[in-house]
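Student: Pick one stretch of this structure and take me through it closely, please. Keep the cut-offs explicit, since I'll want to compare them with my own scripts.

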Amino acid sequence: MTNRTPAVAPPVAVERPAAPAPAAPPVARLRPPVIAAAVLDTIEPPLREAVVCAAHMELLMERLSARGQDAEAPVILIEEYWQTRLPDPDGPDPVSVETFVAIKDTLDASANEMPSHYLRGLQDCVISAARGGALSD
């Protein structure tokens with residue numbers, strides 16, 4: 001027989017979970033500027049993408065010019081791609097200057113207020129043009 005006391009495990013500190021953090025206040029979600037339906041309704045559905053993308057590209061070219069930068073060849077090719085998809089301004093169903101300007105103004109506001117939304121739209125136009133052969137020989 002020994003005089004040893006039985007080994008007792010050291011007490012384990014029980015960690016209580018921290019109180020959950022207070023819920024963050026709801027984030028106000030801003031809706032990106034949307035091109036007014038009244039403006040888009042003046043354009044035949046098959047032409048809407050071409051008109052919006054041509055406006056995107058024209059705005060991009062204006063912004064580059066305002067910064068004193070020249071557009072690179074791919075940008076020019078993509079702009080030309082969309083311009084060639086617009087109806088002839090002297091033809092029977094031209095896109096009115098007012099409509100084009102309204103779309104471009106909306107895109108410009110979007111570029112300033114919601115740049116990620118604007119860039120997503122521009123990127124969609126570039127990808128669509130590239131897939132359509134704008135950058136092919």
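Tutor: Let's start at Thr42, which sits in the loop between α1 (37-40) and α2. Before going on, keep in mind that this is a predicted model, so local features need pLDDT of at least 70 and side-chain atom pairs count only at pLDDT 80 or more, while totals for chains, interfaces and linings use all residues. Residues are numbered from 1 along each chain as its sequence is written, and side-chain values use heavy atoms, with hydrogens and water left out.

Thr42 is exposed, with a relative accessible area of 54%; the scheme is buried under 20%, exposed over 50% and partly exposed in between, using a 1.4 Å probe and protein chains only. Thr42 also has a partner far along the chain: Thr99 is 57 residues away in sequence, yet the two C-alpha atoms are 7.7 Å apart.

Next comes helix α2 itself, residues 45-66. Helices here are DSSP runs of H or I with at least four residues, strands are E runs of at least two, and both are numbered from the N terminus. The chain has five helices and zero strands. The 22 residues of α2 should span 32 Å at 1.5 Å a residue, and the end C-alpha atoms are indeed 32 Å apart; the expected span is 1.5 Å times one less than the number of residues. Buried residues of α2 include Ala50, Val51, Cys53, His56, Leu60 and Leu64. For scale, 25% of the chain's 137 residues count as buried. After α2 you reach Gly68, with a positive phi near 75°.

One side chain in the α2 range to look at is Arg63, which lies over the face of Tyr118, at 5.9 Å from the ring centre. A charge counts as over a ring when NZ of Lys or CZ of Arg is within 6 Å of the ring centre and within 35 degrees of the ring normal. Another such case is Arg85 over the face of Tyr81, at 3.5 Å from the ring centre.

Tyr81 leads on to Trp82, as these two form an edge-to-face aromatic pair, 5.0 Å centre to centre with 85° between the planes. Rings of Phe, Tyr and Trp (its six-membered ring) pair if their centres lie within 6.5 Å; planes under 30 degrees apart are stacked, over 60 edge-to-face, and the rest tilted. A search of the whole structure finds one aromatic pair. Both Tyr81 and Trp82 are buried.

Last, here's a contact from the tail of the chain. Leu135 is in the segment after α5 (115-131) and is partly exposed, with a relative accessible area of 44%. Leu135 and Val75 are 60 residues apart in sequence and 9.4 Å apart in space, C-alpha to C-alpha.
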